[in-house]
Amino acid sequence: MHSLPSVTIDAGVLAVPHVDCAKDDAFQYVDTLLDWSKLLDEPWVAIYMSERASESLFADGLYPLREQLRELFNAHGIVEYDVNTVARIANQLLAITPSFETYYRVKDVLSEHLETDPDVIRLTTHDGLQSDLARCITLIAVLRKHCSQPLGGHSLILREAPKQVIQVRAHIHELEHARDDIPVLPCPPEFFEGDVLVCDDFRGLIDCLDESAILVGASDDLGIELVVRIALFKNEIAQGDSPDWGGVIVPAIGARFRELCQQVCADQGDSVPPKILRSIVETVKGQNLPAVHALRTGPGGNDPQRMRGSDKAQRRDIDKEFHLHYWECADGTVELASVVYHNDFSIPG
């Protein structure tokens, strides 16, 4: 897969709540940590942390975590979780390499008068965590605005995300980096302005992903499967459901689907990928059936439908110019075959 979706986890997510917090807050902290740790086993997402995450937690007296976790669990009578297990997960996240800065080749930024709307910097009262979050937000905002490498869906995971898009404004005095795609930034008193995608749960993370960009950039069928899973997951959310990521059923991907689909995308630009994904969702969900026709051996209405054994070839209108060709398999499943122009009645077997 090319250009993996990526996230940076803010160090504040790992900080153990104060022992006087509500019991529900203590449980939510652990549940959130366990949820994010599951990403470590997911091959489709790249996870980063700031190279200063451990340092910031230590400076604020929040690391090592084990003793603070023990106090928190004892104070609230929490026996459902094991202190050592939770501490080990936090340490695993802190040990992630490369760091965000190393991967994106940005070393540091010297800035002041940082403003975020909504104000997420002051969601934590710890100086070290505030400072590192401010630095990460500024760096990500610069990369999102100027980075030629796709960063559109990169999201920053926070303890609390009041809104998906955070507006960022700052005086940037110096940016230390090793990139060739970042121009000279506005100098004070002129402000740099940008934005950052943030989330605080898995659903929010998926919502931040740009499935159209992933479709265009995918280099293998795993990338296409991811794109379709994202589109189906978002569709279920839009319908008011609470989908299970692992339970989303993705159709089979034909041997030439990615190649033929991306060829059309390359020819037509940004407007086509969302339409292709909509048509795939409708196909899987059995929606908008008037747009589906039997794919025949020729343009004539009496020409026989193409068959592959007991599998039926189908043709779904994407719009007036493009069509999705797929196999309606005898076992009731779907296999995506190709995206074609209007006068193309072929389908890979």
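**View 1. The residue just after helix 10.** Helices here are DSSP runs of H or I at least four residues long, numbered from the N terminus. With that in hand, look at Gly 269 in this predicted model: Gly 269 follows helix 10, and its phi is positive, near 90°.

**View 2. Checking the length of helix 10.** Helix 10 takes in residues 257–268, which makes 12 residues. Count 1.5 Å a residue and you'd expect a span of 16 Å, because the expected span is 1.5 Å times one less than the number of residues. The C-alpha atoms at the two ends sit 17 Å apart, so the helix agrees with that expectation.

**View 3. The buried side of the story for helix 10.** Which residues of helix 10 are buried? They're Phe 257, Leu 260, Cys 261, Gln 262, Val 264 and Cys 265. Plenty of neighbours help cover them, among them helix 8 (211–217), helix 9 (221–238) and helix 11 (272–285). Strands join in too, including strand 7 (252–253), strand 11 (322–328) and strand 12 (334–341).

**View 4. A cavity and its walls.** The count for this model comes to 1 cavity of 30 Å³ or more, and the largest cavity holds about 30 Å³ of space. Strand 1 (6–9) and helix 6 (127–146) are the elements that give two or more residues to its lining. Helix 6 supplies the largest share, with 3 residues.

**View 5. Who lines the cavity.** Around the largest cavity you'll find Thr 8, Ile 9, Asp 10, Ala 11, Ser 50, Asp 132, Leu 133, Cys 136 and Leu 156. Sorted by character, the lining has 5 nonpolar, 2 polar and 2 charged residues.

Notes
Residues numbered from 1 in each chain as written. Predicted model: local features only at pLDDT ≥ 70, side-chain atom pairs only at ≥ 80, totals over all residues. Heavy atoms only, no water. 1 Å grid on protein atoms, 1.4 Å probe; cavity = no way out; pocket = protein on both sides within 12 Å on 5 of 7 lines; lining within 4 Å. Points joined across faces, edges and corners; volume = space filled by probe spheres on them. Nonpolar A, V, L, I, M, F, W, Y, C, P; charged D, E, K, R; others polar. Buried < 20%, exposed > 50% of the residue type's maximum accessible area, 1.4 Å probe, protein only. Contact = heavy atoms within 4.5 Å.
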